[in-house]
Amino acid sequence: MTEQPARRLLLVHAHPDDESINNGVTMARYAAEGAHVTLVTCTLGERGEVIPPELAHLTGAALGGHRRDELAAAMRALGVDDVRLLGGPGRFADSGMMGLPDNEDPGCLWQADVDRAAELLVDVIREVRPQVLVTYDPDGGYGHPDHIQAHRIAMRAVELADEAGCPVAKVYWNRVPRTVAEDAFARLGEALPGLPFDEAAGVEDVPGVVADELITTEIRGDASARAAKAAAMRAHATQITVAEPYFVLSNALAQPLFTTEYYELVRGERAGDADARESDLFAGIEIEEAS
Ligand SMILES: [Zn+2]
């Protein structure tokens, strides 16, 4: 039997770049601590908008291939070596923004049968046996069809894996506490004249913002995890421009780069006091240490 790290974390995302923006610190921290970190990305993001003019010629499959390379570079920055594309590269196409005709593409993730796509993820769960799974909330954080679908696939896969005798102990959704977002945007407003960006986004542009009371868990990284997150985001150069502690997406609106990452536990037992946030996704889980 091959030796497997005792702690195993699985993250399910829609496009290359989502993992670094949402979970870069978390992934870098657990990888550095020797946990097994597995990323499953559902599409190559080949309908994303490209920021750098010199790469603007990349569209469709060429953009997908390029973003796959960006993802690989980001994972090197985070120290994560188990990266998979759901069903293999190109199995599910990027669905484009909600309401576009792209959503009707029969090969896109939005059109995928959730149960069948979930079975592909169950295969990964059965192989890796993660104790913890991280994904988006039911709205996908901000309503993008691929993010909504990634959520549905991940949650269905957890159910199916449970039925197959391979339970995932804890499931978390990516979150940002409202007061943290509001404070960060207030600082951004003051810093904006000195930044290489012209305009700021707003709290409503940040995926997963919820009332502070819903947050169960916060993951802080040390300096090297924070640096790894910024480096991973920079690796997604077609999608992100970073000027720490801020960044922009293709809409060119500045937003905070969060170096503490927040979660809402939606399945499993919350560890510790109900009024204190967990500081470890694996808290309370019995871990069998390899002998
Ligand atoms: Zn995305």
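In which sense do E9 and strand E10 pair, and over how many bridges? In this model, which is predicted, E9 and strand E10, the latter covering residues 246-248, pair in the antiparallel sense, and three bridges hold the pairing. Within this pairing, Thr241 stands opposite Val248 of E10. Both strands belong to an open sheet of four strands, whose order is E6-E11-E10-E9 and whose pairing is mixed. The edges of this sheet are formed by strand E6 (199-200) and strand E9 (241-243), each of which pairs on one side only.

A parallel pairing is found elsewhere in the chain, where strand E1 and strand E2 (residues 36-41) are joined by six bridges. One of the residues taking part is Leu11, whose bridge partner in E2 is Leu39. Strand E1 (residues 8-13) is largely enclosed by the rest of the structure, because six of its six residues are buried. In a regular strand, side chains alternate between the two faces of the sheet. In E1, Arg8, Leu10 and Val12 point one way, while Leu9, Leu11 and His13 point the other way, and all of these residues are buried. The loop that leads from helix H1 (18-32) to E2 contains Ala35, which counts as buried because its relative accessible area is 10%, below the cut-off of 20%. Although Ala35 and Pro5 are separated by 30 residues in sequence, their C-alpha atoms are 5.7 Å apart in space.

The metal site is described next. The zinc ion is coordinated by His15 through ND1, by Asp18 through two OD contacts and by His147 through NE2, at distances of 2.1 to 2.5 Å. Along the chain, these donors follow the spacing H-x2-D-x128-H. Why is the arrangement of the four donor atoms around the zinc ion classed as irregular? The angles that the donor atoms subtend range from 54 to 145°, whereas a tetrahedral arrangement would require all angles to lie between 85 and 135 degrees. Two of the coordinating residues are buried, since His15 has a relative accessibility of 6% and Asp18 has a relative accessible area of 7%.

Salt bridges were also counted, and the total comes to 17. One of them joins Asp102 to Arg47, with the closest N and O atoms 3.4 Å apart. Because Asp102 lies in the loop between E3 and H3 and Arg47 in the loop between E2 and helix H2 (60-78), this pair ties together parts that are 55 residues apart in sequence. Both partners are partly exposed, as the relative accessible area is 27% for Asp102 and 32% for Arg47.

A second salt bridge, between Glu218 and Arg220, has its closest N and O atoms 2.9 Å apart. Here the two partners fall into separate accessibility classes: Glu218 counts as buried at 15% relative accessibility, whereas Arg220 counts as exposed at 55%.

In a further salt bridge, Glu261 is paired with Lys229, and the closest N and O atoms are 2.8 Å apart. The pair links distant parts of the chain, since Glu261 belongs to strand E12 (residues 260-267) and Lys229 to helix H6 (residues 223-235), with their positions 32 residues apart in sequence. Are these two partners buried or exposed? Glu261 is buried, with a relative accessible area of 3%, and Lys229 is likewise buried, with a relative accessible area of 1%. Salt bridges can also share partners, and in this way Arg7, Arg29 and Glu33 are joined into one network.

On the surface, Met97, Leu100 and Tyr142 make a nonpolar patch of about 290 Å². Of these residues, Met97 is located in the loop between strand E3 (82-85) and helix H3 (114-128). Met97 counts as partly exposed because its relative accessibility is 46%, a value that falls between the limits of 20% for buried and 50% for exposed residues.

Definitions and conventions: Residues are numbered from 1 along each chain as its sequence is written. This is a predicted model: local features need pLDDT of at least 70, side-chain atom pairs count only at pLDDT 80 or more; totals for chains, interfaces and linings use all residues. Side-chain values use heavy atoms; hydrogens and water are left out. Two strands pair if DSSP finds at least two bridges between them. Helices (H or I, at least four residues) and strands (E, at least two) are DSSP runs, numbered from the N terminus. Patches are made of residues with over 30% relative accessible area and no salt bridge: like charges are joined within 9 Å, nonpolar side chains (Val, Leu, Ile, Met, Phe, Trp, Tyr) within 5 Å. Accessible areas come from the Shrake-Rupley method with a 1.4 Å probe; for residues, only the protein chains shown count as cover. A salt bridge is a side-chain nitrogen of Lys or Arg within 4 Å of a carboxyl oxygen of Asp or Glu. Buried means under 20% relative accessible area, exposed over 50%, partly exposed in between (1.4 Å probe, protein chains only). Donors are N, O and S atoms within 2.8 Å of the metal (3.2 Å for Na, K and Ca); water is not among the atoms, so sites may look incomplete. Four donors count as tetrahedral if all angles lie between 85 and 135 degrees; four count as square planar and six as octahedral if opposite donors are over 155 degrees apart and all others between 65 and 115; anything else is irregular.
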